[in-house]
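Biologist: Could you take one part of this model and walk me through it closely? I'd like to know what sits around it, and then how it fits into the rest of the assembly.

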Amino acid sequence: MRYAYYPGCSLEATGRPYEESVAAVAKALGIELVELEDWNCCGATAYMSINEVLSFSLSARNLCQAKKIGDTLVTACSACYTNLRKTEAYLADFPEIKGKVDTALAEAGLRYDGGVTTKHFLQTVVQDVGLDRIKSLVKHPLTGLRVAPYYGCQIARPYGIEDDADNPTMMDKLLTAIGATPTYYPLKTMCCGGSLMGIRKEVALRLCRNLLLCAQQYDAQCIVVTCPLCQMNLDAFQSSVNKTYGTNFNLPILYFTQLMGVSFGLDSKGLGLNDCIVPATGVTAKYA
Amino acid sequence: MNGVEQQTVIYEKAMDLNFLDEIYHIPGGEKIKDCIQCGTCSGSCPVSWAMEETPRQIFAMIRAGMRDKVLNSITIWTCASCYQCMHRCPQEIKITDIMYMLKRMAIRENRQRSKNAAALSRAFFEIVNKKGRNHETSLMAKVVLGTNPLGGISLAPVGIGLFTHHRLPMFGKSIRDIKGLQKIVAKAKEIGGE
């Protein structure tokens, strides 16, 4: 299996453990991820607040790079995923936007006329590789590990991952396949606040507190995520939540790829397990 | 007045009847006329409790032409772009995208409440336009120094935590064809109509 791969900026910094664990898991599953040549930032939510055409043009440039490699582009960041999918949809639905993006791209001698489908790495793993193959690779089943499956918002909607937008189960099934127990987690697609952490911090902290509280109420030992921004808000700001609300949360926030790697018996260094701010090795060590 | 408080009346001359046209202008924006004021958006919004006006109210205000009040509302800066309202809207109105439009208008007009968000967006824009990629370390430093240097002290432990876990590299990567990207950006800004 060979795919064009778009890491996105977060995976070079705050989401580095995600990048490492995606690479390790892909290798174990026999997925070849070919990184886009000279890729640029997707614009995140900030560019959409400055200029819509600009935001679409940035993603269209990446889609041009993807097309050189193949017709499926894989990304592990939910925000990048949404921007790429949204760009596809707007270019197809609104000729006026398409015309403007064409004009902008032409400045660099590029043109994008569709033909690339963007997938989240969670889809690649569950839909393309399949749960049977994943089960066959499990060396240390995560028996007894209670995990809150947190999908976050942008993977579920508005350009969802071919799953129920209100109650996705793709990751629940994956967790079961590697031996873990997904807990009931009614806030599984509720927002973590995203970049609100930099704009209205008190609002974002409350959203994170609700997510942590909900996981705790159903006895989860950790929360598993699909997005570097969700991970950072819940992990790096967990102590801020505790300070603000007088709580005592101590919940590791792991990427689904990290838990897959643990169950496959991959080297923990290559999974970035030591780089969670809330120490994660307490829950993963017994399976390593 | 029988216990009923006098409400502030907004006179018609204070209304901007072109406001609705501006919203119609964005792709899919004309669907705002289909809003039935059901409140599904406000009920679905995870942050409506932190808003001054709920999304449903904002939509009624847009249609009434209350341009100033809408663009000065903290509501548009409270929207986290989680798309829950847009996903559930029975009239298929692109609510989140209209919120983005309102954000762009407020930033463009330098509205007071847009200061923090504008600082974040502009800092982000400057970094990406220079390097082609976002460098989160620079972004955090710029936002803290640009908006609230003293308040930034409370963020220090978060930054140190990320740094010691090798998640805030000192230097960002730059793309090779930054000149080409800058040309795209310049053109998109020129024709973007913002």
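Modeller: Here is a walk from one open sheet in chain A outwards to the domains and then to the other chain. Keep in mind that this is a predicted model.

Let's start with the sheet itself. Four strands of chain A make it up, in the order 6-5-7-8, with parallel pairing, and the sheet is open. Its edges are strand 6 (181-182) and strand 8 (253-255) of chain A, each of which has a partner on one side only. Strand 5 (residues 146-149) of chain A is joined to strand 6 of chain A by 2 bridges, and the two run parallel. If you want to find that pairing on screen, look for Arg146(A), which stands opposite Thr181(A) in strand 6 of chain A. As a general reminder, the strands of a sheet pair through backbone hydrogen bonds, in either a parallel or an antiparallel way.

Next, what covers the sheet? Helix 8 (residues 170-177) of chain A lies across strand 5, strand 6 and strand 7 (222-225) of chain A, and it runs at about 160° to strand 5 of chain A.

Now zoom in on Val224(A). Setting aside neighbours within four places in sequence, Val224(A) is in contact with Val147(A), Pro149(A), Tyr150(A), Met171(A), Leu175(A), Leu254(A), Phe256(A) and Leu259(A). Val224(A) also stands out in a wider setting: the largest nonpolar core has 162 residues, and Val224(A) is one of the four that touch the most other members, along with Cys208(A), Leu211(A) and Ile223(A). The element that gives the most to this core is helix 9 (residues 201-217) of chain A, with 9 residues.

Stepping back, the chain splits in two. Domain 1 of chain A covers 2-121 and domain 2 covers 139-276. Taken over C-alpha atoms, the centres of domain 1 of chain A and domain 2 of chain A are 24 Å apart. Across that boundary, 24 residues of domain 1 of chain A are in contact with 25 residues of domain 2 of chain A. On the domain 1 side, helix 1 (16-29), helix 2 and helix 4 (78-93) of chain A each give two or more residues. Helix 1 of chain A gives the most to that side, with 9 residues. Sorted by class, the domain 1 side that touches domain 2 of chain A has 12 nonpolar, 8 polar and 4 charged residues.

For a contrast with that core, go to the start of the chain. Arg2(A) is found in strand 1 (residues 2-6) of chain A. Arg2(A) counts as exposed because it has 11 C-beta neighbours inside 10 Å, and the cut-off for exposed is 12 or fewer. Not counting residues up to four places away in sequence, Arg2(A) touches Glu32(A), Val34(A) and Gly70(A). From Arg2(A) to Tyr218(A) you cover 216 residues in sequence and 39 Å in space, C-alpha to C-alpha.

Then there's the partner. Between the chains, 53 residues of chain A are in contact with 54 residues of chain B. Helix 2 (44-48), helix 3 (52-67), helix 5 (95-106), helix 9 and helix 11 (238-245) of chain A each supply at least two residues of the side that touches chain B. Helix 5 of chain A has the largest share there, 6 residues. That side of chain A has 28 nonpolar, 14 polar and 11 charged residues. Helix 9 of chain A therefore turns up in two places, as the element that gives the most to the core and as one of the helices on the side that touches chain B.

What about chain B itself? It has 11 helices and 0 strands. Along its principal axes, the C-alpha trace of chain B spans about 65 × 40 × 30 Å. Of its 194 residues, 42% count as buried. Among contacts in chain B between residues at least 6 apart in sequence, 61% join residues at least 24 apart. Chain B is also divided, into domain 1 (12-109) and domain 2 (114-191), and 28 Å separate the centres of those two domains, taken over C-alpha atoms. Here 4 residues of domain 1 of chain B are in contact with 4 residues of domain 2 of chain B. Helix 7 (residues 95-108) of chain B supplies the largest share of the domain 1 side, 3 residues. By class, that side divides into 3 nonpolar, no polar and 1 charged.

Terms used:
Residues numbered from 1 in each chain as written. Chains lettered and ligands numbered in written order. Predicted model: local features only at pLDDT ≥ 70, side-chain atom pairs only at ≥ 80, totals over all residues. Core = buried A, V, L, I, M, F, W, Y, C linked by C-beta atoms within 7 Å. Buried ≥ 20, exposed ≤ 12 C-beta atoms within 10 Å, placed from the backbone. Contact = placed C-beta atoms within 7 Å. Pairing = 2+ DSSP bridges. Axes fitted to C-alpha atoms, helices over the stretch in contact; angles between N-to-C directions. Domains from an automatic or database assignment. Nonpolar A, V, L, I, M, F, W, Y, C, P; charged D, E, K, R; others polar.
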